[in-house]
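The following note collects several points for a colleague who is examining the model at the level of individual residues. Please read each point alongside the coordinates.

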Amino acid sequence: MGKVYVFDHPLIQHKLTYIRDVKTGTKEFRELVDEVSTLMAFEITRDLPLQDIEVQTPVQQASAKVLAGKKLGVVPILRAGLGMVDGILKLIPAAKVGHIGLYRDPKTLTPVEYYVKLPSDIEERDFILVDPMLATGGSAVEAVNSLKKRGANSIRFMCLIAAPEGVEVLQEAHPDVDIYIAALDEKLNEKGYIVPGLGDAGDRLYGTK
């Protein structure tokens, strides 16, 4: 079963509070999501492999560590996931970015894939799949399906806020995918919104209703 990591870093928790606040406007909301994404990227890359190289400092030759060349990919689930990409790329600018677009079928209420564009060397990359919310889990499961059927074999899921129901659904469908979240909330309400949550992340990012 995939592991669930809840980030309790004080800066993440502080900024997340203002992301939740209904009084936070679009501009500040977008900036806060960007900042929290950077902080979460710092945590999620903690176990990247390192290798030793020799460098010449102003004083002497020294052995030092650099990243071992592991290829990374960042894949937002459209559209709200886009708000998290730039924050991650600030720390790992060499990562390739793919996109997965999903919409909910109005009759079946299941997610349907409408757009996928991924790096060509997908089998060689560790992917970070991002979406601000993990609510019912349907979109996350379908996005992982999209990655796997195209050859991805190393996927992590990162979001700001998750409901226990969504975590369980994603774990059951994809037990090899670890989940990284800033807050694990109480539950889903009857409309499928996370409680207490932050409302609709896409609408708050882009000022739509």
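Leaving aside its neighbours within four places in sequence, with which residues is Ser37 in contact?

1. The model is a predicted one. In it, Ser37 is in contact with Gly83, Met84, Gly87, Ile88 and Met158, once neighbours within four places in sequence are set aside. Ser37 itself belongs to helix α2, which covers residues 26-44.

2. The burial of Ser37 should be read together with its polar contact. The relative accessible area of Ser37 is 0%, and the residue counts as buried because the cut-off is under 20%. The side chain of Ser37 reaches the backbone oxygen of Val33, at 2.7 Å.

3. A UniProt record, in an unreviewed entry, lists residues under "binding site": Arg79, Arg104, Asp131, Pro132, Met133, Leu134, Ala135, Thr136, Gly137, Gly138, Ser139 and Asp200. From this set, the lining of the largest pocket takes in Arg79, Arg104, Asp131, Met133, Leu134, Ala135, Thr136, Gly137, Gly138, Ser139 and Asp200. The annotation may be inferred rather than shown by experiment.

4. Pro132, listed in that record, is placed in the loop between β8 (125-130) and β9 (133-134). Its relative accessibility is 1%, so Pro132 counts as buried. Beyond neighbours within four places in sequence, Pro132 is in contact with Ala80, Gly81, Met84, Cys159, Leu160, Ile161 and Ala201. Met84 also appears among the contacts of Ser37.

5. Met133, likewise listed in the record, is found in strand β9. Is Met133 buried or exposed? With a relative accessibility of 16%, Met133 falls under the 20% cut-off and therefore counts as buried. Outside its neighbours within four places in sequence, Met133 is in contact with Phe157, Cys159, Ile161, Ile194, Leu198, Gly199 and Ala201. Of these, Cys159, Ile161 and Ala201 are also in contact with Pro132.

6. Two peptide bonds merit inspection. Leu78 and Arg79 are joined by a cis peptide bond, with omega about 0°. Arg79 lies in the loop between β4 (71-78) and α3 (82-89), and it is one of the residues in the "binding site" list of the UniProt record. Arg79 is also included in the lining of the largest pocket.

7. A cis peptide bond also joins Val195 and Pro196, where omega is about 0°. Pro196 is situated in the loop between β13 (194-195) and α6 (201-206).

Methods:
Residues numbered from 1 in each chain as written. Predicted model: local features only at pLDDT ≥ 70, side-chain atom pairs only at ≥ 80, totals over all residues. Heavy atoms only, no water. Helix = DSSP H or I, 4+ residues; strand = E, 2+ residues; numbered from the N terminus. Buried < 20%, exposed > 50% of the residue type's maximum accessible area, 1.4 Å probe, protein only. Polar contact = N/O pair within 3.5 Å; in protein donor to acceptor, adjacent residues only side chain to side chain. Contact = heavy atoms within 4.5 Å. 1 Å grid on protein atoms, 1.4 Å probe; cavity = no way out; pocket = protein on both sides within 12 Å on 5 of 7 lines; lining within 4 Å.
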